[in-house]
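I opened the notebook to record what I looked up, entry by entry, beginning with a strand pairing and ending with the contact between the chains.

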Amino acid sequence: MSEPSPRAPAEESADRPRVGLFVTCLADIYRPNVGLAAVALLEQAGCVVEVPATQTCCGQPSYNNGDLAGAARTARNTIEAFEGCDYLVAPSGSCAGMLRDYPKLFADQPRWRERAEAMARKTHELISFLTDVRGLDAVAARFPRRVTYHDSCHGLRALGIKDQPRRLLAGVEGLELVEMADAEICCGFGGTFCVKYPEISGRMVADKASDIAATGARVVLGGDLGCLLNIAGRLGREGNGISVYHVAEVLAGMADIPGLGDPKDAGGEAR
Amino acid sequence: MQPLSHAFKERSVAALQDETLQVALHRAKDGFAVKRAKAVAGLPEFDALRDRAVAIKNHTLEHLDHYLERYAEAVERSGGTVHWAASAEDARRIVVDICRAADAKMITKGKSMVGEEVGVNGALEEAGFEVVETDLGEYIIQLAHEPPSHIIVPAVHKTRGQIADLFHENHAKYGLTRKLSEVPEMVNEARQVLRGKYLAADVGITGANFLIAETGTSVIVTNEGNGDLTCSLPRVHIVTAGIEKVVPTVEDASTLLRLLARSATGQDMTTYTTFSTGPKRAGDPDGPEEYHVVLVDNGRSSMLGDAFREMLRCIRCGACMNHCPVYGAIGGHAYGWVYPGPMGSVLTPLSVGLKEAGNLPNACTLNGHCAEVCPVRIPLPDLLRTLRHREYQLRLGLKPLRWGLAAWVWFTAHPRIYRLGTRVQARVLALLAGRKGRFTRMPLAGGWFRGGRDLPAPQGETFMAVWKRRQKEQGR
């Protein structure tokens, strides 16, 4: 295991950092299995996982709809909830990216800005935290399926997440990764965009679904539940039997339940 | 041109349903993005050049008054005349007056987005002049009586068949009556028609990609050579340009030129790069007798002092729209104003107001692809978000969305109640979905389903509830 990041806070105990899991509202409500997978992976990477009970949302709905004061209110709640942890880790590039933007919300409140900056510094997306901060290079998981991977935009462009999930997936026993065309093109989710402009969003996710289907993979993975709900919703409507999992579920060996939006009696994919 | 941005939603849905348009958009899809990626990969210093370009543009904007004055002096020194147009109306009037004073009948035009912005063609036609666009794409949309749908490929929304029909209808009067089907034939025919216009033109109007302060030179890039013929054959050459086009030196212009074509079409250089400085001098074999520059402000100087200053770095390469998945789905006309795509979604509300164009900054997933490819690193998603903030402050957005957000914020700041709400939501949705595991419709959530997709159901228990139970079981 590599040295902890030089940006690690001073109070971090040498080899067992206390990681606060920010589960994200979508994983909390729609896919608790992603939270459990994140806990398992963080523990594999030698972290002590805490789940602050007062966490709620990252504030992105307000931030991206122009309500900066509302976003700041939500942000204050998150900052207070996680200030005691060495790190804040989220199974979402989008929410982690939002946390990194917190200082912008407090431009004229120096004390809160400082706290927001400290929070931004210790915030990481799950997979890149495992590889880049904790130096994890292999996981003990089996998933004998052909999969393809969608690069979620915020993780890709705001946090530089591209290679990290692929590196870990390469070590999953039996897994074959087939790249889709335009893996870096937006799926059309975009938070409230998908309900404000459903027809445009629908076209974008239909294009994404056909790129996925063209790979011949029966499973699509990604690192952000927003995108994955959108993609699963489209694939489900098309009824072509392609399953959707968060990459953490596969890496933790916990993709043994039906995929997102699959019928409850559908078998899990790890077999 | 009246802005139609208020009807963005209807226009975008119509665009998605327009099969011919979709054929054209699909054909164009990825073409420029792939070519740009190749050109960038072939130039290791591309990112360093971008930094240099940002520095040049920022420095110039910081001292814009100084460089504009130096530019104007240099133009006058070379025998040209500079006209300052504060508004679109001023610009139209100035151009019409110059053409009248020159006793012009026929006017040729090179492609100019600022010309589209201020509505030069309409004003000239109203004043009785014959105006002919000489860029092939602009020529096509002029025949079709349409505005451009892209800032560098204005007719990208047209299929070959539509263009063949337009030529067939419009070229009969020149004795060209054969219906064409092959691209080279069509290009040749347009060239044949345009040649006559170049020779007959009294005034040539071009835009400018750059204005060079130290020499008073205007620079245009084209792939057809039409710009050269437009600015050198007629008696009078008029350059119309936004005030942000000025750069200090020839060296600066050449730095920006290295980025422009690569970002736009993936070419190392455009086929023609034309430098024009003043009218014909004694002894010059060709060139215009008069050289005018119309410097257009039209809202630009007010952007200098606010959050949108960075937008003035824009060199109009079109890379943002070439990489925008929303633009790729609906094309440029749905945006309802001169500049489409991400850069247009910033500029349009600033120019026609948020009340008219509030949809544009919202019709974006904030995926960041545009900012990633912008040669002058304009943080387009941040600027779009700033416009959303402005819209929110002005209370212009959708009311139900506003109420929904306020309620959500309240919940997020009250964790206990939030916990309870999410537990109920997860449980109820899972129960309602039953064994199927997803919804095909749901009251009050029509938007999601109108996108042609189902909604996966929650697992049933929230993560926070599972975690709490687990902690209890483990006696922690």
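Entry 1, a bridge in chain A. I looked up A:Gly20 and found that its bridge partner in β2(A) is A:Glu50. Strand β1 of chain A (residues 18-21) runs parallel to β2(A), and 3 bridges join them; I count two strands as paired if DSSP finds at least two bridges between them. Helices (H or I, at least four residues) and strands (E, at least two) are DSSP runs numbered from the N terminus.

I note that this is a predicted model, in which local features need pLDDT of at least 70 and side-chain atom pairs count only at pLDDT 80 or more, while totals for chains, interfaces and linings use all residues. Residues are numbered from 1 along each chain as its sequence is written, and chains are lettered from A and ligands numbered from 1 in the order in which they are written.

Entry 2, the sheet of chain A. I followed the pairing outward to an open sheet of 4 strands, ordered β2-β1-β3-β4 with parallel pairing. Its edge strands are β2 (48-50) and β4 (123-125) of chain A, each pairing on one side only. Neighbouring strands are turned by 35° against each other on average, direction ignored; axes are lines fitted to C-alpha atoms, for helices over the stretch in contact, and angles run from 0 to 180 degrees between N-to-C directions. Helix α8 of chain A (residues 126-133) lies across β3 (87-90) and β4 of chain A, running at about 105° to β4(A).

Entry 3, the sheet of chain B. Here I found an open sheet of 6 strands in the order β1-β10-β7-β4-β2-β3, again with parallel pairing. β1 (81-85) and β3 (130-133) of chain B stand at the edges with a single partner strand each, so one side of each has no neighbour in the sheet. The average turn between neighbouring strands of this sheet is 20°, direction ignored.

Entry 4, where the chains touch. I looked up the contacts and found 55 residues of chain B against 61 residues of chain A, a contact meaning that C-beta atoms, placed from the backbone, lie within 7 Å. α22(B) gives the most to the side of chain B that touches chain A, with 7 residues. I then turned to α12 of chain A (residues 198-214), which packs with α1(B) at an angle of about 35°, the axes being 9 Å apart. A:Glu199, A:Ile200 and A:Arg203 of α12(A) make this contact with B:Ser12, B:Val13 and B:Leu16 of α1(B).

Terms used: Contact = placed C-beta atoms within 7 Å.
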